[in-house]
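Visitor: Please show me how to read a surface patch and the helix beneath it.
Guide: Start with the picture.

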Amino acid sequence: MKWEDLADQPCSISRALAVIGDRWTLMILRDCFLGVRRFEAFQQRLGISRTIVTDRLRTLVNEGVLERRAYQHNPVRHDYRLTDKGRDLHPVVMAIAHFGDAYYAGEAGPPVLRRHKACGCDFHPVQVCSECGEPITARAVEARAGAGFGAP
């Protein structure tokens, strides 16, 4: 399967990967959740070309994950803000961070700690069932065809 064919697959994972599956896109999303909003900051933090930053930001805006807002009018300059759709990616970014902390942090421990503002405690993300609240693991889930399976 070719990269450009992912969006046409009858699979929610492949369709999502067509938008966010690129490493630089995920790094831009990470930075968005850390409060980065401006093009120059993305480029400087990531150390990548303007072309790559432009392309990834354009895709995220076109897909409704980010919105572009003017913060200066003479000359016109824009920043990039997460939309509701973009904020819905937070659990994805947190899951990747948790995986990295568990398997790649090194002996010193995780490079970034996350604190829940409401209770003031550092935490590890946990996925739970939306219906019963129990933690979800790979062995606790079974997949079955849904209404959209095989639909055009």
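Visitor: Which residues form a nonpolar patch on the surface?
Guide: This is a predicted model: local features need pLDDT of at least 70, side-chain atom pairs count only at pLDDT 80 or more, and totals for chains, interfaces and linings use all residues. Residues are numbered from 1 along each chain as its sequence is written, and side-chain values use heavy atoms, leaving out hydrogens and water.
Guide: A patch takes residues with over 30% relative accessible area and no salt bridge (Lys or Arg side-chain nitrogen within 4 Å of an Asp or Glu carboxyl oxygen). Nonpolar side chains (Val, Leu, Ile, Met, Phe, Trp, Tyr) are joined within 5 Å, like charges within 9 Å. Here Phe99, Tyr103 and Tyr104 form the patch, with about 440 Å² of accessible area together (Shrake-Rupley, 1.4 Å probe, only the protein chains shown as cover).

Visitor: Is Tyr103 buried or exposed?
Guide: Buried means under 20% relative accessible area, exposed over 50%, partly exposed in between (1.4 Å probe, protein chains only). Tyr103 counts as exposed because its relative accessibility is 59%. Tyr103 is found in helix α6, residues 90-104. Helices are DSSP runs (H or I, at least four residues), numbered from the N terminus.

Visitor: Which residues of α6 are buried?
Guide: Val93, Met94 and Ala97. Seen down the axis of α6, they fall within an arc of 100° (directions from the axis to the C-beta atoms), so they line one face. They pack against α2 (23-33), where contact means heavy atoms within 4.5 Å. On the other side of α6, Pro91 and Tyr103 are exposed.

Visitor: What follows α6?
Guide: Gly106, with a positive phi near 90°.

Key
Helix = DSSP H or I, 4+ residues; strand = E, 2+ residues; numbered from the N terminus.
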